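Please open the structure in a viewer and follow the stops below in order. Each stop proposes a selection and then describes what is found there.

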Amino acid sequence: MLVSLYRYNPETDNVPYMQDVEVELPEGKDLMVLDVLHMIKEQDVSVAFRRSCREGVCGSDGMNINGMNRLACVTPVSEVVKKDKLVLRPLPGLPVVRDLVVDMSIFYQQYERIQPYLINDNPEPAIERLQSPEDREKLDGLYECILCACCSSSCPSFWWNPDKFVGPAGLLQAYRFLADSRDTATAERLDNLDDPFSVFRCRGIMNCVSVCPKGLNPTRAIGHIRTMLMQRTT
Amino acid sequence: MVRSVTNLGRTGAYDWLMQRVSAVVLALYTLFLTGFVLGSSDLDYAQWAGLFDQMWMRIFSLLALISLGIHSWVGLWTITTDYIKPTALRFVVQAGCGLIMFVYLVWGVEILWGL
């Protein structure tokens, strides 16, 4: 199988380039894209990419695989390879550090902006803050995000304004805390989002939904935030 | 919170709502005019002038004109802040859009009440 690999080492290359590598796939086995990358790294140790858990939990190996953002560790080659060619590029819209490794600072800055932690002004109870099963259920489909950045880096609104638009990943987490019955900072959180960029830059094209490796729906969460903002201002 | 002074309202919610309300007005106006043109056999100047001679039609048309201004301002503001990164150039383009919309509005009023 032919693998076309995005290569860029800022210390030696003036511009990025695509490198073609021939990989011999073992018979009768459907490898994951990450396995293919390891096979390439055995041939050429200079190839750089991030990986850690290799089972879709850590979110380290988000990359653009044959035109779609995915996690290399949970993407079977058979699912993405057509015409015997695999094209691997770094996540779009983020500065490349080297090869498939991108600088995720702006992504984390947006995440930090939404205050991704529980805020509760009430006195601490003796044991823990209780939540009814119904209230806990509201967090399903929100808390599972692994911050792989596949969604935000596939979003044109995030490409054009990564410093102002929170992006689908950050907004999914923003709603995770807005929806939490134990959080008391709802008004403050909404104040921080009620400008023309942070939430409303979402044009609802749903790239985030189609690429999320965890099957989450940031567009729906953004819709809920928008409804909360509308309800308190109209 | 991202500060902005060039968008329509001061909040994202306001812009979002105004864009949708103006879209509904424009859709109703388009449907009405299409229906009028298709429903009138042998449409002539007298019928057309007669329609716009009525106060409710003038108000409806003015509402559609204002809605067009609001709708296009929100849309073009979004496009310019997406694609034009140099601040001075973006401001000039936005000011140009605002001027054109204002001219269309005044001109529209002139046409509607000058018939």
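Begin with the contact between the two chains of this predicted model: 17 residues of chain A and 12 residues of chain B take part in it. On the side of chain A that touches chain B, select helix 7 (186-193) and helix 9 (218-233) of chain A, the elements that give two or more residues each. Helix 9 of chain A provides the largest share, four residues. Colouring this side of chain A by class shows seven nonpolar, five polar and five charged residues.

Keep helix 7 of chain A selected and add helix 6 (168-178) of chain A. The axes of these two helices come within 10 Å and cross at roughly 155°. Angles over 145 degrees count as roughly antiparallel, and helix 6 of chain A is therefore roughly antiparallel to helix 7 of chain A. The crossing of helix 6 and helix 7 of chain A is left-handed. Which residues of helix 6 of chain A meet helix 7 of chain A? Select Ala174(A), Phe177(A) and Leu178(A) in helix 6, which face Thr186(A), Arg189(A) and Leu193(A) in helix 7. By class, the residues of this contact between helix 6 and helix 7 of chain A are four nonpolar, one polar and one charged.

Proceed to the sheet of chain A. Five strands form this open sheet, in the order 2-1-5-3-4, with mixed pairing. Strand 2 (17-22) and strand 4 (68-71) of chain A stand at the edges; each has a single partner strand, so one side of each is left without a neighbour in the sheet. From one strand to the next, the twist averages 35°.

Select strand 1 (2-7) of chain A together with strand 2 of chain A: the two pair in the antiparallel sense over six bridges. To see one bridge in detail, select Leu5(A), whose partner in strand 2 of chain A is Gln19(A). Next, add helix 1 (33-43) of chain A, which lies across strand 1, strand 2, strand 3 (62-65) and strand 5 (85-89) of chain A. Helix 1 of chain A runs at about 75° to strand 1 of chain A.

The last stops are two loop residues. Select Asn66(A), in the loop between strand 3 and strand 4 of chain A. Asn66(A) is not a glycine, yet its phi is positive, at about 45°. Is Leu147(A), in the loop between helix 4 (133-137) and helix 5 (156-160) of chain A, buried or exposed? Leu147(A) is buried, with 20 other C-beta atoms within 10 Å, whereas Asn66(A) is partly exposed, with 18. Leu147(A) also has a positive phi, of about 55°, although it is not a glycine.

Technical notes
Residues numbered from 1 in each chain as written. Chains lettered and ligands numbered in written order. Predicted model: local features only at pLDDT ≥ 70, side-chain atom pairs only at ≥ 80, totals over all residues. Pairing = 2+ DSSP bridges. Axes fitted to C-alpha atoms, helices over the stretch in contact; angles between N-to-C directions. Contact = placed C-beta atoms within 7 Å. Nonpolar A, V, L, I, M, F, W, Y, C, P; charged D, E, K, R; others polar. Parallel < 35°, antiparallel > 145°, perpendicular 65-115°, else oblique. Left-handed = near helix turned anticlockwise from the far one by under 90°. Buried ≥ 20, exposed ≤ 12 C-beta atoms within 10 Å, placed from the backbone.
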